[in-house]
Amino acid sequence: MTTNKEHTSRLFELELEAVTRSVLQMGELSSKQFQLTMKCINHCEASSIAQILELGSQVNDLEIGIDRKCHLILAHRQPEANDLRLILTILKCTTDIERIGDQAELIAHRAKMLLQRNELSLLQPSELTRSASMVGMMIRNALTAFEHSDIDIAMQVIRQDVQVNEEYSHLTRNLIGHMMEKPQNITAALDILFMAKAIERIGDHAKNIAEYVIFMVKGHDIRHTHSEQAPEN
């Protein structure tokens, strides 16, 4: 016979599973926003912008719903240890996932401005798309690490962030050189620089999620520290 305690425990597990699924759904939507944004670099259309913004609205709604559910769980269940760390991780992850979407929208708007000024051809897609490809992988890996509580994948995301930062520095130097050689292209080059910075920031948000996963699994907060190695215990 099932006791009240067992019944309550099972309900709690179901609540945690449901809110975790919502986080993954939110992550998939933000990832799709980013993928659509990258297409705007090569060919920006009004319909793509509208789709990106609609996905952003869905992400925002999910964030609000997840926050509400987590606050209710904290108030009614008073979770401890691993369950408490999971809830705290979810609350932090949703903020970074939402900001991934915000940065994707920023990139799309910049691409639209370049298109309107007939300057989209000044882009060097290979340089941006190389960084974007790495960042897209970081997002996917960060979500996988969260879903499976996988520290190894989380550490892979952290290492990938170093490469993204190096790509951003390289692109920045190239753009500065371009602006010095062709001052007439400064406005376009600045828009491209903003886009590159947004891509780099999205990588930072993916890295944050990976760091939260390590906290969730190990109970160690490695933010603002040298995080080349995961804690042993």
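Colleague: Why is Glu-211 called buried?

Modeller: Its relative accessible area in this predicted model is 6%. Buried means under 20%, so Glu-211 counts as buried.

Colleague: What makes Lys-207 count as partly exposed?

Modeller: Lys-207 has 22% relative accessibility. Partly exposed lies between the 20% and 50% limits, so Lys-207 belongs there.

Colleague: How do you know that Lys-207 forms a salt bridge with Glu-211?

Modeller: The closest N and O atoms are 3.9 Å apart. A salt bridge needs a side-chain nitrogen of Lys or Arg within 4 Å of a carboxyl oxygen of Asp or Glu, so this pair qualifies.

Colleague: Why are Lys-207 and Glu-211 separated by about one helical turn?

Modeller: The two residues are four apart in helix α6. An α-helix has 3.6 residues a turn, so residues three or four places apart point the same way.

Colleague: How many salt bridges does the structure hold?

Modeller: There are seven. One of them joins Asp-191 to Arg-117, with 2.5 Å between the closest N and O atoms. Asp-191 lies in helix α6 and Arg-117 in the loop between α3 and α4, 74 residues apart, so the pair links distant parts of the chain.

Colleague: What makes Asp-191 buried and Arg-117 partly exposed?

Modeller: Asp-191 has a relative accessible area of 3%, and the limit for buried is under 20%. Arg-117 is at 32%, which falls between 20% and 50%, so partly exposed is the right term. Salt bridges that share partners also join Arg-110, Arg-117 and Asp-191 into one network.

Colleague: Why is the pair of Glu-15 and Arg-77 called a salt bridge?

Modeller: The N to O distance between their side chains is 2.9 Å, and the cut-off is within 4 Å, so the pair passes. Glu-15 is in helix α1 (residues 4-42) and Arg-77 in helix α2, 62 residues apart, and the pair links distant parts of the chain. Glu-15, at 30% relative accessibility, counts as partly exposed, and Arg-77 is partly exposed too, at 26%.

Colleague: Let's turn to helix α2. How do you know that its span agrees with its number of residues?

Modeller: Helix α2 (residues 46-77) has 32 residues, which at 1.5 Å a residue should span 46 Å. Its end C-alpha atoms are 46 Å apart, so the two agree.

Colleague: Which residues of α2 are buried?

Modeller: Among them are Ile-49, Leu-55, Val-59, Leu-62, Gly-65 and Ile-73. Gly-65 has a relative accessible area of 12%, and the limit is under 20%, so Gly-65 is buried. The C-alpha atoms of Gly-65 and Ser-22 are separated by 8.7 Å, although these residues are 43 apart along the chain.

Colleague: Why are α2 and α3 called roughly antiparallel?

Modeller: Their axes cross at roughly 165° and come within 10 Å. Angles over 145 degrees count as roughly antiparallel, so the term fits α2 and α3. Their crossing is left-handed, and the contact has 13 nonpolar, six polar and five charged residues.

Colleague: What makes α5 roughly antiparallel to α6?

Modeller: The axes of α5 (residues 151-181) and α6 (residues 186-218) cross at roughly 165° and come within 9 Å. The cut-off is over 145 degrees, so α5 is roughly antiparallel to α6. This crossing is left-handed, and the contact residues divide into 21 nonpolar, four polar and seven charged.

Colleague: Which value makes Ala-81 exposed?

Modeller: Ala-81, in helix α3, has a relative accessible area of 52%. Exposed means over 50%, so Ala-81 qualifies. Ala-81 also has a positive phi of about 50° although it is not a glycine. Most residues other than glycine have a negative phi.

Colleague: Why does Ser-149 count as partly exposed?

Modeller: Ser-149 is at 38% relative accessibility, between 20% and 50%, so partly exposed applies. Ser-149 is found in the loop between α4 and α5 and has a positive phi of about 50°.

Colleague: And how many helices and strands does the protein chain have?

Modeller: The protein chain has six helices and zero strands. Of its 233 residues, 48% count as buried.

Technical notes. Residues are numbered from 1 along each chain as its sequence is written. This is a predicted model: local features need pLDDT of at least 70, side-chain atom pairs count only at pLDDT 80 or more; totals for chains, interfaces and linings use all residues. Side-chain values use heavy atoms; hydrogens and water are left out. Axes are lines fitted to C-alpha atoms, for helices over the stretch in contact, and angles run from 0 to 180 degrees between N-to-C directions. Angles under 35 degrees count as roughly parallel, over 145 as roughly antiparallel, 65 to 115 as roughly perpendicular and the rest as oblique. A crossing is left-handed if the near helix is turned anticlockwise from the far one by less than a right angle, and right-handed if clockwise. Ala, Val, Leu, Ile, Met, Phe, Trp, Tyr, Cys and Pro count as nonpolar, Asp, Glu, Lys and Arg as charged, and the others, Gly among them, as polar. The expected span of a helix is 1.5 Å times one less than its number of residues. Buried means under 20% relative accessible area, exposed over 50%, partly exposed in between (1.4 Å probe, protein chains only).
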